[in-house]
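Got your viewer open? Load the model, switch to a cartoon view, and let's take a walk through it.

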Amino acid sequence: MLVIGIIVSVKARKKRQIETSGSPGQATVVNLSQTGTYINQNPQFIFDLDVNVPGMAQYRTQARVTVPMYMVQAVGPGAVLPVKVDPSDPNEVVIDWSGVSLNRAATPSWPTTQGPFPGATPGTPGTTPGT
């Protein structure tokens with residue numbers, strides 16, 4: 001148990017170091033898959049990311065990330081996430097959750113001018129299409 005505690009402590013320290021002194025950039029989610037692991041009731045995912053950091057060529061990397069439950073719908077393929085990158089190891093990427101927008105999760109999948117049903121008035125509960 002002591003060894004596991006030491007490993008977790010070292011990883012947490014490294015993450016905090018990247019959060020405070022890492023190079024800022026953006027990462028586009030190419031793909032993600034859930035690992036089946038939950039940490040404090042938050043799901044863990046493996047992300048394939050295209051990372052862009054000023055002064056560096058774009059590159060693809062993979063990151064295992066615990067996603068806050070309220071952010072899950074905002075991180076699908078195509079999402080652009082603010083990140084911090086370890087300058088000495090660019091494959092070490094930390095997502096800056098404070099800069100992630102929840103607007104993506106709230107974007108409707110239908111045209112907003114017409115609503116989900118032709119003839120329905122958006123925002124009117126119980127409206128039957130065509131009536």
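Here is a stop-by-stop tour, from the whole chain down to single side chains.

**Before you click**

This is a predicted model, so local features need pLDDT of at least 70 and side-chain atom pairs count only at pLDDT 80 or more, while totals for chains, interfaces and linings use all residues. Residues are numbered from 1 along each chain as its sequence is written, and side-chain values use heavy atoms, with hydrogens and water left out.

**Stop 1: the whole chain**

Colour by secondary structure. You should find two helices and five strands; here helices (H or I, at least four residues) and strands (E, at least two) are DSSP runs, numbered from the N terminus. Following the chain from the N terminus, you pass the elements in the order α-β-β-β-β-β-α.

Now switch on the surface. The accessible surface is about 8,600 Å², and 56% of that belongs to carbon and sulfur atoms; such areas come from the Shrake-Rupley method with a 1.4 Å probe, and for residues only the protein chains shown count as cover. Of the 131 residues, 27% count as buried. Buried means under 20% relative accessible area, exposed over 50%, and partly exposed in between (1.4 Å probe, protein chains only).

**Stop 2: the sheet**

Hide the surface and select the strands. In which order do the five strands of the open sheet lie? The order is β3-β2-β1-β4-β5, with antiparallel pairing. Two strands pair if DSSP finds at least two bridges between them. At the edges you'll see β3 and β5, each pairing on one side only. Neighbouring strands are turned by 45 degrees against each other on average, direction ignored; the axes behind that angle are lines fitted to C-alpha atoms (for helices over the stretch in contact), and angles run from 0 to 180 degrees between N-to-C directions.

Zoom in on the pairs:

- β2 and β3 run antiparallel and are joined by eight bridges. Select Gln44 and you'll find Thr66 as its bridge partner in β3. These two strands form a hairpin with six residues between them, and Gly55 in the turn has a positive phi of about 85 degrees.
- β1 and β4 pair in the antiparallel sense over six bridges. Pro24 stands opposite Lys84 in β4.
- β4 and β5 run antiparallel, with four bridges, and their hairpin connects through two residues.

**Stop 3: the two faces of β3**

Show the side chains of β3. In a regular strand the side chains alternate between the two faces of the sheet. Here, Tyr59, Thr61, Ala63 and Val65 point to one face and are buried, while Arg60, Gln62, Arg64 and Thr66 point to the other and are not.

**Stop 4: the salt bridge**

Stay on β3 and pick Arg60. Its side chain meets that of Asp50 in a salt bridge (2.7 Å, N to O). A salt bridge is a side-chain nitrogen of Lys or Arg within 4 Å of a carboxyl oxygen of Asp or Glu, and the structure holds one. The pair links Arg60 in strand β3 with Asp50 in strand β2, 10 residues apart. Are the partners buried or exposed? Arg60 counts as exposed because its relative accessibility is 53%; Asp50 is buried, at 15%.

**Stop 5: the nonpolar core**

Next, select Phe47, Leu49, Val51, Val67, Leu81 and Trp97: of the 23 residues in the largest nonpolar core, these touch the most other members. Such a core is a set of buried Ala, Val, Leu, Ile, Met, Phe, Trp, Tyr and Cys residues joined through side-chain atoms within 4.5 Å. The strands β1 (23-39), β2 (42-52), β3 (59-66), β4 (80-86) and β5 (89-95) each supply at least two residues of this core, and the largest share, four residues, comes from β2. In soluble globular proteins, nonpolar side chains tend to be buried together.

Click on Trp97. Not counting residues up to four places away in sequence, Trp97 touches Val65, Thr66, Val67, Pro68, Met71 and Val75. Contact means heavy atoms within 4.5 Å.

**Stop 6: two last residues**

Select Ile95, found in strand β5. Its bridge partner is Val83. Ile95 is buried, with a relative accessible area of 7%. Leaving out residues up to four places away in sequence, Ile95 touches Val65, Leu81, Pro82, Val83 and Val100.

Finish at Asp86 in strand β4. Asp86 counts as buried, at 7% relative accessibility. With residues up to four places away in sequence not counted, Asp86 touches Lys14, Ile18 and Glu92.
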